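Hi,

Here is the structure I promised to pass on. Have a look at it first, and my notes on what turned up follow just below.

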Amino acid sequence: MAGHETAVVLLAAGKGTRMKSDLPKVLHRLAGKPLVNHALDAAAALAPSQCVVVVGPGMEDVAAAVAPHPVAVQAKQQGTGDAVLAAREALSGFGDGSDGATILVLYADTPMIGPDTLARMIAARQAGAQVVVLGFRPQDPAEYGRLVLDGSGALEAIVEYRDADEAQRAINLCNSGVMAVSAGRLWELLDRVGNDNAKGEYYLTDIVALARGDGAGCAVVEGEEREVLGINSRNDLAAAEAVWQTARRARAMADGATLIDPATVWFAHDTEIGRDVTIGPSVFFGSGVTVADGAEIHAFCHLDGVAIGPGASVGPFARLRPGAKIGEGARVGNFVEVKNAVLGAGAKANHLSYVGDSDVGAGANIGAGTITCNYDGYLKHRTEIGEGAFIGSNTALVAPVRVGKGAITGAGSTITKDVPEDSIAVSRGRHSVLEGAAKAYRERKSREKAARKKEG
């Protein structure tokens, strides 16, 4: 926020035992991106002056995922208050103890909080509250901590479910755990937090009652339930993925794309879809896909790391792998795989082909069954196909090789040498016929089979 200094403490030290995984919980992926990086992206929208990620011992893989942000290690799992304290040294001197600076506490396993919601929390801090808590009203409050308000609507206390009485458990305003706290107050409040509770942990939430006891103002900003979905199990991860995908599909259609069967289209966190794009059923987008205006992706395609040009057509049943670039009006048909290859404007590979490590000129036609043999067992090599070239069906192009502009290869050829422009290349065995040989072959095999049966 302009004129208001903000630092972020992102808590990522949880073991995630319910995930039953060797991978740290916060590195599991939502829409193709680790949970911790979703949270970092939301924080980055606030342009914080510092961001510290709190990890557990031995979580070097998490530290690598959040680089270049610094990490602080929470030596023991002693609660959220203890986790935030682990970042104290990294944030020493931040805000110079000023009430005008804010430390925002986020959670790496709560990846869908929007930047607008966080901005409202910072605004509430600017308005004078020493502690601002993000609350929400779930359909089922279950075992969430409850937010207790006073008669004026200010936040009076946060009560963990295990420590709440019957009246407090009836409250439907719940705690997300996310807080914005005065940088001038956070550390001294945490130093006063004890662990006299059902779990014997140091709760970050206890700072609300402490601040209120000091006469400081505390406030609640409400967000949507879907924003604060916490992920502790694979079921939670699947539920969050469903919520994320539903929102992304709606956005794609609102922006001018047609989804024939929206529930079966799966986007990645960075998928870019233009206007008047049509997407058929059961299409999966991996990371790094852009689709330009007017393109059509037919049913049952898998795209990952590709750029599709205006008016291009892909599929059905096509596989586009990283590095594929499909030019304007080009066509990639059914059961075609393209990898690290460029198809020029209007080029066609309509069916049953593999085009890898290749440059295909504008208007070229690649016949069914064509294979670019790009790997020799040790190195990858490129194939060049010139503008307007015609590659006959079932051609094997053994890279490195070049087929010139306007050239033709005969069906069934194995091309191992360059083909000049406007030439025809045919490379296959001479056609020969042995009359009666098939009948003689069958008769011989029948005799052999009968002999084996008799011996057995």
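Let me start with the aromatic rings: the structure holds four aromatic pairs. Please keep in mind throughout that this is a predicted model.

One of those pairs is Phe136 with Tyr144. Their ring centres are 4.9 Å apart and their planes meet at 85°, so this pair is edge-to-face. What is the relative accessible area of Phe136? The value is 1%, and Phe136 is therefore buried, the cut-off being under 20%. Tyr144, at 29% relative accessibility, counts as partly exposed.

Another pair, Phe317 and Phe335, is stacked, with 5.1 Å from centre to centre and 10° between the planes. This pair links distant parts of the chain, as its two members are 18 residues apart. Phe317 lies in the loop between β20 (313–314) and β21 (319–320), and Phe335 lies in the loop between β23 (331–334) and β24 (337–339). Phe317 counts as partly exposed, at 38% relative accessibility. If you colour the rings, add Phe300 to your selection: ring pairs link Phe300, Phe317 and Phe335 into a cluster.

Rings also turn up next to charges. Arg248 has its charged end over the ring of Phe267, 4.8 Å from the ring centre. For Arg249 the ring is that of Trp266, and the charged end sits over it, 4.8 Å from its centre.

Next, the strands. Strand β6 (residues 102–107) has six of its six residues buried, so this strand is largely enclosed by the rest of the structure. Which way do its side chains point? Thr102, Leu104 and Leu106 point one way, while Ile103, Val105 and Tyr107 point the other way, and all are buried.

β6 has pairing partners that are worth displaying together. With strand β1 (residues 6–11), β6 pairs in the parallel sense over six bridges, and Leu11 stands opposite Tyr107 there. With strand β10 (residues 174–182), β6 runs antiparallel, joined by four bridges. In that pairing, Val105 stands opposite Met179.

There is also an open sheet of ten strands with parallel pairing, in the order β12-β14-β17-β20-β23-β26-β29-β32-β35-β37. Its edge strands are β12 (258–259) and β37 (424–425), each of which pairs on one side only. Within this sheet, strands β29 (residues 365–366) and β32 (residues 390–391) run parallel and are joined by two bridges, with Asn365 opposite Phe390.

Now for the empty space, which I suspect you will want to look at yourself. The largest pocket has a volume of about 1600 Å³. How many residues line this pocket? The lining has 44 residues, and Arg18, Thr80, Asp109, Lys199 and Asn232 lie nearest the centre. By class, the lining is made up of 17 nonpolar, 16 polar and eleven charged residues. At least two lining residues come from each of α3 (80–85), β10 and α8 (234–254), so to speak of β10 again, that strand also pairs with β6.The second largest pocket has a volume of about 510 Å³. It is lined by 18 residues, and His38, Pro111, Met112, Gly114 and Trp244 are the closest to its centre. Two or more lining residues come from each of α1 (35–44), α4 (115–126) and α8. Of these elements, α8 gives the most, with five residues. The lining of this second pocket has eight nonpolar, three polar and seven charged residues.

Finally, the structure holds one cavity of 30 Å³ or more. About 50 Å³ of space lies in this cavity, and the residues that line it are Ala39, Ala42, Leu106, Tyr107, Thr110, Pro111, Ile113 and Leu118. α1 and β6 are the elements that give two or more residues to this lining. Which classes make up the lining of the cavity? Seven residues are nonpolar, one is polar and none is charged. Pro111 is worth a click, as it lines the cavity and is also among the residues closest to the centre of the second largest pocket.

Shout if you would like to go through any of this together.

Best wishes

Notes. Residues numbered from 1 in each chain as written. Predicted model: local features only at pLDDT ≥ 70, side-chain atom pairs only at ≥ 80, totals over all residues. Heavy atoms only, no water. Buried < 20%, exposed > 50% of the residue type's maximum accessible area, 1.4 Å probe, protein only. Pairing = 2+ DSSP bridges. 1 Å grid on protein atoms, 1.4 Å probe; cavity = no way out; pocket = protein on both sides within 12 Å on 5 of 7 lines; lining within 4 Å. Points joined across faces, edges and corners; volume = space filled by probe spheres on them. Nonpolar A, V, L, I, M, F, W, Y, C, P; charged D, E, K, R; others polar. Phe/Tyr/Trp six-rings, centres within 6.5 Å; stacked < 30°, edge-to-face > 60°. Lys NZ or Arg CZ within 6 Å of the ring centre and 35° of its normal.
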